[in-house]
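Here is a short colleague's note to read beside the model. Keep the structure open and find each part as you go.

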Amino acid sequence: MPPRIAPRVPRSAAVATVVTTALAAGLLAATSAGSASAAEVGIHDIQGSTRLSPLAGQQVSDVSGIVTGVRTYGSRGFWIQSADAAADDNPATSEGVFVFTSTAPTVKTGDAVRVTGTVGEYVPGGTNSGNQSITQISKPTVTVESSGNALPKSAVIDAKSVPAAYTSAGDPADGGSVNKLPLNPSAYALDFYESLEGMNVRIGTSRVVGATDPYSELWVTVKPGEHPTRRGGTLYNSYTAQNTGRLQIQSLTPIAEQPFPKADVGDVLSGPTEGPLDFNQFGGYTLAARTLGTLTDKGLAPEKTRKQDRDELAVATYNVENLDPKDPQAKFDALAAAVVTNLASPDVVALEEIQDNNGATNDGTVAAGETLKKFTDAIAAAGGPSYEWRTVDPENNKDGGEPGGNIRQVFLFNPERVSFNDRAPGDATTATGVVRAQGRAALTHSPGRIDPANAAWADSRKPLAGEFTFRGRKVFVIANHFGSKGGDESLVSHHQPPTRSSEAKRLLQAQAVNAFVKGILKVQKSADVVVLGDINDFEFSATTKALTDGGALRAAVKSLPRPERYSYVFQGNSQVLDQILTSPSIDDFAYDSVHINAEFADQNSDHDPQVLRFEP
């Protein structure tokens, strides 16, 4: 899954100073379209007409502005804006800027101030993150000249003002960066938002496309017609469909003083939301709200898939997000209820992120029997079948994930409906293979792992393969949890297109699984093979193309209408990460992405399970 790369912590003055010094030395230098005296400058002179200040590293004195927002937590400071929102009559230069104080600021919204300090470019997440930077004034000396002033008129962010095109391509001569390119806010959405960095902005009534998260933030769209999903989200369906109307919303009011609204996808933030436009590590451009709209609950409900028919085999995949016995019983019960009620008790369930018997305690434990018994007991208590399970324990700390947790894939199956073909069960380092037995394909180890010594699986989950029999027909099931997107640059990276470094590993993993499936089909062309799990990649990705190479597999999610193709919501984009793929013999099936988690503030997992039903 796309992780938060680092915990959200207050930004220290030391960090800001280091970044500013590096920029002043030329790490992220920018040229100025015109000269300005460092002694008497306006905010637009500081911001300049590119993403980087022409005055980075310089001392500025008596920069005047009206305080438009104050942040007393996290990255402490305040925003100021020129009283005249078009002071230099250049739409590319922002008239607002953040003043980083490191301690709680004493100014108030509406104060007219003069600020002396050092101009810098702060990069949230560090320069290696690829994130754009925030132009700021640090180490400030602040003089309050008057209070209670009217705030500068807010710039409107709406469907008309935000361009349809997301961004220009980065400059090849600058490593693909857009940092030094002149801003063109009437042509590109990222340039439009950058031209408003630090300014007082406003949105009107807007639909929620990313539910409230544990960090008290949510996502809206100001473009209600932009790739809408059936349930109110915004669909991410290609690398060039980034969805320009998405905007993150946070509140400047501490949670202790005013609880943040608890919103699900499809809810509506009604009325104006207004405040400075910030940029942060976890989502990019963010409206830091002084005033929040009122949440209108649209009543989104978790989905329920239908029960499989007598002759249908139902196979599901569900990432249960680091489940271990130390988790509250309520989590086990909620996940179990979802299997029974929302997934209609599938015949086979491939689980991802099952942790060992003591979770993140890093003591060499790798067995997960206690975790699985607690979970299957909860399913039975919820009225579901008495599932049995099969898995292969990993080597300690060799499969990635939370240190000590030893996550792995597991097959649950209902023995009243389907049988598991146990054959020389494998171990963590032994590869299963394909042989011909009685004229049909068979695994040498069932359950077994696919090519565990392959470098593609280093520090990553190895695929779990197993044979099942349903109504006399053999079915091969391969459960996967491919490498995460950790390390990828975000959609708002200064590199455009962003660097997606994690794809290389998943591509190798997909090629390994594809080769294994081709091995089964070479022995038995008519074999029923189901490949499923947390693929951690999109249906249009190179990973999926590699999995389906040569027609060995078909991505079943593509059978759904486009507005229903998603299993995960990240930064307001509804997208595919979890998939089920089928061999050519499975040519008639029903597929369902069961939306029960990703769109909701209250989640039992951050992934939505997937279900495939077919007659072998």
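1. **Terms.** Two strands count as paired if DSSP finds at least two bridges between them. Strands of a sheet pair through backbone hydrogen bonds, either parallel or antiparallel. Keep in mind throughout that this is a predicted model.

2. **A strand with two partners.** Start with strand β24, residues 473-481. In β25, Val529 is the bridge partner of Phe476. Strand β25 covers residues 528-534, and it runs parallel to β24, joined by seven bridges. Now look at strand β23, residues 464-470. It pairs with β24 in the antiparallel sense, again over seven bridges. Here Glu467 has Phe476 in β24 as its bridge partner. So Phe476 is a useful residue to click on: it is matched with Glu467 and with Val529.

3. **The turn and the cover.** How many residues lie between β23 and β24 in their hairpin? There are two. One residue in the turn, Arg471, has a positive phi of about 50°. Is β24 mostly covered or mostly open? Mostly covered: eight of its nine residues are buried.

4. **The nine-stranded sheet.** Move to the open sheet of nine strands. Read across, its order is β6-β7-β12-β13-β10-β9-β8-β11-β14, and the pairing is mixed. Why do β6 and β14 each have a side without a neighbour in the sheet? β6 (155-156) and β14 (294-296) stand at the edges, and each has a single partner strand, so one side of each is left free of a neighbour in the sheet.

5. **One pair inside that sheet.** Strand β10 holds residues 246-251, and strand β13 holds residues 284-289. They pair in the parallel sense over four bridges. Find Gln248: opposite this residue, in β13, stands Thr286.

6. **The largest cavity.** The structure has three cavities of 30 Å³ or more. The largest has a volume of about 140 Å³. Its lining is made of 13 residues, and those nearest its centre are Tyr166, Trp219, Arg246, Gly283 and Val492. Two elements, α3 (189-195) and β10, give two or more residues to this lining. What kinds of residue make up the lining? Eight are nonpolar, four polar and one charged.

7. **The second largest cavity.** This one has a volume of about 50 Å³. Its lining includes Thr391, Arg408, Arg449 and Leu464. By kind, the lining residues divide into three nonpolar, two polar and three charged.

8. **Helix α5.** Check the length of this helix, residues 369-381. At 1.5 Å a residue, its 13 residues should span 18 Å. The end C-alpha atoms are 18 Å apart, which agrees. Which residues of α5 are buried? They are Thr371, Leu372, Phe375, Thr376, Ala378 and Ile379. Seen down the axis of α5, the buried residues fall within an arc of 155°, so they line one face of the helix.

9. **A loop residue.** Last, find Ser186 in the loop between β6 and α3. Is Ser186 buried or exposed? Its relative accessibility is 66%, so Ser186 counts as exposed, since the cut-off for exposed is over 50%. Now pick Pro91 too. Ser186 and Pro91 are 95 residues apart along the chain, and their C-alpha atoms are separated by 8.7 Å.

How values were computed
Residues numbered from 1 in each chain as written. Predicted model: local features only at pLDDT ≥ 70, side-chain atom pairs only at ≥ 80, totals over all residues. Heavy atoms only, no water. 1 Å grid on protein atoms, 1.4 Å probe; cavity = no way out; pocket = protein on both sides within 12 Å on 5 of 7 lines; lining within 4 Å. Points joined across faces, edges and corners; volume = space filled by probe spheres on them. Nonpolar A, V, L, I, M, F, W, Y, C, P; charged D, E, K, R; others polar. Expected span 1.5 Å × (residues − 1). Buried < 20%, exposed > 50% of the residue type's maximum accessible area, 1.4 Å probe, protein only. Arc of directions from axis to C-beta.
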